[in-house]
Amino acid sequence: MRKLYIGGAWTASVSGEAIDVVNPATEEIIDRVPAGAPADVEAAVLAARAAFAAWSGADPADRAKLLAAAAELLERRAGEVAHVIATDMGAPLRFALKVQTLMPAGVLASYARLAESHPRETRTGNSLVLREPVGVVAAITPWNYPLHQVVCKVAPALAAGCTVVLKPSEVAPLAAYALAEILDEVGLPAGVFNLVSGRGPVVGEAMAAHPEVDMVSFTGSTAAGRRVAALAAEGVKRVALELGGKSANVILPDADLVTAVRSGVANCFVNSGQTCSAWTRMIVHRDQYDEAVGLAVEAARTYTVGDPLDDATRLGPLVSAVQRDRVIRYINRGQEEGARLVAGGTERPLPRGYYVEPTVFAGVEPGMAIEQEEIFGPVLSIVPYTTEEQAVRIADGTRYGLSGAVWAGTEERALAVARRLRTGQVMINGGRFNPSAPFGGYKQSGIGRELGEAGLEEYLELKSLQL
């Protein structure tokens with residue numbers, strides 16, 4: 001069994017209990033991690049507190065050097081780490097390499113640069129405005145992007161001069177362990193970064209409630225985010241929440257329909273649909289609806305389901321039996337509510353593994369559960385509209401506001417509609433994801449932003465000195 005990483009040393013949990021890590025493609029146990037206890041959290045938080053003064057007072061260039069070394073080492077080990085993610089989380093290997101590993105390495109390198117270049121003092125009138133690290137950060141991360149989500153919190157926190165206690169998801173924790181090994185190897189000072197694995201109601205809640213934690217950064221479900229925020233509120237801690245989504249892909253009548261539909265299907269099914277920002281609702285004009293449904297079905301049939309280590313696989317398993325069963329329940333509910341299943345369904349595509357077929361629903365109306373609720377699986381709902389005003393109303397008609405897309409014949413028209421959407425990011429005519437741009441949501445999709453300078457600012461306090 002693995003150990004916790006506390007105060008610069010690998011340490012056994014006081015609980016003595018373990019959590020099995022399961023390969024979702026084979027359903028076999030591949031590793032075991034400690035089921036951390038509140039006493040482990042106490043030790044980790046105190047180690048982070050003890051390390052804070054020296055780390056926050058260090059020359060930003062020294063912090064930058066260590067982060068750059070970690071980014072370089074992660075890039076060198078990208079193949080090894082990608083294999084870990086493909087095995088414990090189920091992402092197809094090529095995707096695990098390019099998106100799940102190399103992108104986080106790039107994000108880590110970007111914060112190495114920002115650690116040194118981001119201004120810490122500015123003048124406004126007769127005031128000197130300082131940006132100072134917030135303190136000890138509790139970072140609680142999910143399983144769907146098990147390295148990227150860790151880096152999105154740990155990298156800016158360390159760059160800002162904060163110290164960190166990380167709780168990765170117990171479902172797919174091994175990439176976080178790989179990062180801990182890298183940070184240890186490059187010589188990060190003891191206590192600056194700590195890792196306590198375990199279950200959310202035990203370890204996560206102890207971290208959020210700890211009086212020596214200054215900030216909690218959480219990524220996960222909206223329901224869990226509410227619980228974390230409530231615990232943190234008792235200590236009036238700063239909270240950053242990156243929560244759920246039900247993002248809309250709005251296709252206007254003058255758009256390139258073939259490209260928009262195919263890209264929309266690809267975005268919905270990426271990472272087996274286990275992406276908070278996935279465009280899970282395709283909103284199409286009624287005059288083009290039947291054609292769009294046909295194109296979506298055709299595209300869905302190209303998604304080969306299989307072993308994540310097989311180059312031919314485009315859709316790996318869901319991360320767990322619990323997640324698979326959740327997705328199946330939603331597919332059943334969609335049919336019960338009157339939506340038309342035009343691709344995929346509830347049949348198991350393979351005899352072993354937590355697989356779900358790529359699924360497409362037509363005849364979806366606003367207000368249906370599959371149109372309103374985050375499913376977190378490869379399930380696409382296609383919704384018709386008649387007017388542009390109605391399309392915007394449908395797009396904004398959920399409690400979420402994380403991401404989305406607009407397709408139109410001209411960039412100008414797409415931008416005009418995108419400006420009306422209440423969501424944190426909008427891709428215009430297939431614009432690429434930018435890891436330097438702010439990422440986060442409106443409404444119940446969260447509080448705060450990750451990535452780029454906005455992500456760094458989350459971990460800095462403002463102080464004004466009047467001269």
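Select Thr124 and Ser127 to start: in this predicted model, Thr124 stands opposite Ser127 of strand S6. Now widen the selection to S5 and to S6, residues 127-133; the two run antiparallel and are joined over four bridges.

Add strand S20 and you have a whole sheet on screen. Its order is S5-S6-S20, it is open, and the pairing is antiparallel. S5 (121-124) and S20 (460-466) are the edge strands, each pairing on one side only. Look along the sheet and you'll catch the twist, which averages 25° from one strand to the next.

**Zoom out**

Show the full cartoon for a moment. The protein chain has 15 helices and 20 strands. Its radius of gyration is 22 Å, close to the 23 Å that the globule rule gives for 467 residues, so the chain is as compact as a globular protein of that length. If you want a box around it, the C-alpha trace spans about 65 × 60 × 40 Å along its principal axes.

Colour by burial next: buried residues make up 57% of the 467 in the chain. Switch on a surface and about 17,900 Å² is exposed, with carbon and sulfur atoms supplying 51% of that. A contact map is worth a glance too. Among contacts with a separation of 6 or more, 72% involve residues 24 or more positions apart.

**The seven-stranded sheet**

Now pick out S12 to S18. These seven strands make an open sheet with mixed pairing, in the order S14-S15-S16-S13-S12-S17-S18. Strands S14 (340-343) and S18 (427-428) are at the edges with a single partner strand each, so one side of each has no neighbour in the sheet.

Go to S12, residues 248-251. Are its faces covered or open? Covered, both of them: Ala248 and Val250 are buried on one side, Asn249 and Ile251 on the other.

From S12, step across to S13 (residues 281-285). The two pair in the parallel sense over four bridges, and Asn249 sits opposite Met282. To see how the chain gets from S12 to S13, trace it through helix H9, residues 257-269; this β-α-β crossover is right-handed.

Then step from S12 to S17, residues 404-407. This pairing is parallel as well, over four bridges. Which residue in S17 is the bridge partner of Ile251? Click on Trp407 and you have it.

Slide over to S15 (residues 359-362) and S16 (residues 379-385), a parallel pair held over three bridges. Val360 is the residue opposite Leu380 here. Turn on helix H11, residues 321-336, and you'll find it packed on the sheet, where it touches S14, S15 and S16. The direction of H11 makes about 20° with that of S15.

**Last stop: Glu242**

Select Glu242, in strand S11 (residues 238-242). Is this glutamate buried or exposed? Its relative accessible area is 3%, and the cut-off for buried is under 20%, so Glu242 counts as buried.

Show what surrounds it. Setting aside neighbours within four places in sequence, Glu242 is in contact with Gln149, Phe218, Thr219, Gly220, Cys276, Leu402, Phe439, Ser445 and Glu450. Finish by drawing a distance from Glu242 to Glu450: they are 208 residues apart in sequence, yet 8.3 Å apart from C-alpha to C-alpha.

Key. Residues are numbered from 1 along each chain as its sequence is written. This is a predicted model: local features need pLDDT of at least 70, side-chain atom pairs count only at pLDDT 80 or more; totals for chains, interfaces and linings use all residues. Side-chain values use heavy atoms; hydrogens and water are left out. Two strands pair if DSSP finds at least two bridges between them. Contact means heavy atoms within 4.5 Å. Axes are lines fitted to C-alpha atoms, for helices over the stretch in contact, and angles run from 0 to 180 degrees between N-to-C directions. Buried means under 20% relative accessible area, exposed over 50%, partly exposed in between (1.4 Å probe, protein chains only). A crossover is right-handed if, with the strands pointing away from the viewer, the path from the first strand over the helix to the second runs clockwise. The radius of gyration is taken over C-alpha atoms; the globule rule is 2.2 Å times the number of residues to the power 0.38. Accessible areas come from the Shrake-Rupley method with a 1.4 Å probe; for residues, only the protein chains shown count as cover.
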